[in-house]
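Q: Could you take a close look at one part of this model with me? I would like to hear about a single residue and what surrounds it.

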Amino acid sequence: MTYRFLGYANANNYAEHEQAFLKSMNSFRQVSDPKVLHVEPARVSVEKVPRAMTLAEYYQQHPSTIPLEQVAIINGIQTDTKLEAGQKIKRVVGGVQPGN
């Protein structure tokens, strides 16, 4: 991967900030820690509910990598809300964090 870093400042006072920009930009190093390299992003998956059930029941059969209460929040419903068959629901999958 290639990254480009830019330091922005008013042309009249760029010199005043230049050393801070360079110090920050030069502080980046290549990552070699396997724990960090194997981090995976969490992703939102939109799925259809197979049959009528509550969000809590759906979560039990189709777990997310976040707590049930957070799944309820991202769907704008309560954990005991009745879901209809075919209704679309969001859940979070993946998301391996460092050290896990």
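A: Happily; here is a walk around Leu-83, followed by a salt bridge elsewhere in the chain. Please keep in mind that this is a predicted model, in which local features need pLDDT of at least 70, side-chain atom pairs count only at pLDDT 80 or more, and totals for chains, interfaces and linings use all residues. Residues are numbered from 1 along each chain as its sequence is written, and side-chain values use heavy atoms, leaving out hydrogens and water.

Leu-83 sits in strand 3, residues 82–83 (strands are DSSP runs of E with at least two residues, numbered from the N terminus). With a relative accessibility of 0%, Leu-83 is buried (under 20% relative accessible area, using a 1.4 Å probe and protein chains only). Met-53 is 30 residues away along the chain, yet its C-alpha atom and that of Leu-83 are 5.3 Å apart. Beyond the neighbours within four places in sequence, Leu-83 has contacts (heavy atoms within 4.5 Å) with Val-49, Arg-51, Ala-52, Met-53, Thr-54, Leu-55, Tyr-58, Ile-77 and Ile-89.

Now to the salt bridge: Arg-91 and Glu-47 pair through their side chains at 2.8 Å, N to O (the cut-off is a side-chain nitrogen of Lys or Arg within 4 Å of a carboxyl oxygen of Asp or Glu). Arg-91 belongs to strand 4 (residues 88–94) and Glu-47 to strand 1 (residues 42–48), so the pair ties together parts 44 residues apart in sequence. Arg-91 is also buried, at 16% relative accessibility. The structure holds one salt bridge.

Terms used: Helix = DSSP H or I, 4+ residues; strand = E, 2+ residues; numbered from the N terminus. Buried < 20%, exposed > 50% of the residue type's maximum accessible area, 1.4 Å probe, protein only.
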